[in-house]
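Thank you all for coming. Please have a look at the chain on the screen, and I will then take you through it, beginning with one pair of strands and working outwards.

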Amino acid sequence: MALERIQLDLIDCDITYYPNFIENLQANVSFNHFRSTIPWQQDDIKVFGKVYQQPRLTAMYGSVNKSYSYSNIVMRPRPFTQELMAIKKKLESVVAVDFNACLLNRYRDGKDSNGWHSDDEKELGQNPIIASISLGQERPFKLRHKKNKALRHKIILENGSLLLMKGKTQHFWQHQIPKTSKAIGERINLTFRILK
């Protein structure tokens, strides 16, 4: 059965959304597995000279011994687990590239978030490919153009979905997972990437 794919009709980017990348039941199994087995950490981040606890939990896995830095945080990957390898293999059958790292984010509730940013760290190279797989609670994913601030877009990232960003997307767009005051469940996302 062919995967449903939605190409976002936005300028200066190449973003594709696959709503049913992982079937719902399997996505729930994976969510519970990662929630209970990953050694989650909460780092401090420095924003405009002030130090805060990062508003989510993270972990890093990979097949290369290369660190990954963002917001003054340096992450060193643990070796891919069997479960991450299985998802990576499925992902690579759809996206014909070899991902060598995965940053996991755990959003415990609506207060956990990810502010406006681009995935444009030097370790990711010129036109990075970011494959983001969502498990658990659906959350809105907001996009805004860096130069034309009126250009904005919102997509709901569903349980088991895949959002693929490539080409010049990170040069021209920022994205975020905003906070919400609604009582909502947990979300885990696996962001597969290539560390150069």
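In which sense do strand β5 and β8 pair, and over how many bridges? Strand β5, which covers residues 57-62, pairs with β8 in the parallel sense, and two bridges hold that pairing. One place to look is G62, which stands opposite P79 in β8. I should say at this point that what you see is a predicted model, and I would ask you to hear everything that follows with that in mind.

Let me now place this pair in its sheet. Eight strands form an open sheet with mixed pairing, and their order is β1-β2-β14-β11-β16-β9-β5-β8. The edges are β1, residues 6-7, and β8, residues 78-79, each of which pairs on one side only.

On the other side of β5 we come to β9, and here the pairing is antiparallel, with six bridges between β5 and β9. If you follow T58 across, you arrive at N105, its bridge partner in β9. Strand β9 is also joined to β16, residues 187-193, by seven bridges, and these two strands run antiparallel as well. In that pairing, the bridge partner of Y107 is R187 in β16.

Is strand β9 mostly covered or mostly open? This strand, residues 101-107, is mostly covered, for seven of its seven residues are buried. The cover extends to both faces, with A101, L103, N105 and Y107 buried on one side, and C102, L104 and R106 buried on the other.

Stepping back to the chain as a whole, the secondary structure comes to three helices and 16 strands. Of the contacts between residues at least 6 apart in sequence, 72% join residues at least 24 apart. As for overall dimensions, the C-alpha atoms fill a box of roughly 40 × 40 × 35 Å along the principal axes. A compact globule of 196 residues would have a radius of gyration near 16 Å, and because the chain has 16 Å, the two agree.

Finally, a few words on burial, surface and charge. Buried residues account for 49% of the 196 in the chain, while the area that the chain exposes is about 10100 Å², of which carbon and sulfur atoms supply 50%. The chain carries 30 positive and 19 negative charges, and the mean positions of these two sets lie 5 Å apart.

Terms used
Residues are numbered from 1 along each chain as its sequence is written. This is a predicted model: local features need pLDDT of at least 70, side-chain atom pairs count only at pLDDT 80 or more; totals for chains, interfaces and linings use all residues. Side-chain values use heavy atoms; hydrogens and water are left out. Helices (H or I, at least four residues) and strands (E, at least two) are DSSP runs, numbered from the N terminus. The radius of gyration is taken over C-alpha atoms; the globule rule is 2.2 Å times the number of residues to the power 0.38. Buried means under 20% relative accessible area, exposed over 50%, partly exposed in between (1.4 Å probe, protein chains only). Contact means heavy atoms within 4.5 Å. Accessible areas come from the Shrake-Rupley method with a 1.4 Å probe; for residues, only the protein chains shown count as cover. Lys and Arg count as positive and Asp and Glu as negative; His and the chain ends are not counted. The place of a charge is taken as NZ of Lys, CZ of Arg, CG of Asp or CD of Glu. Two strands pair if DSSP finds at least two bridges between them.
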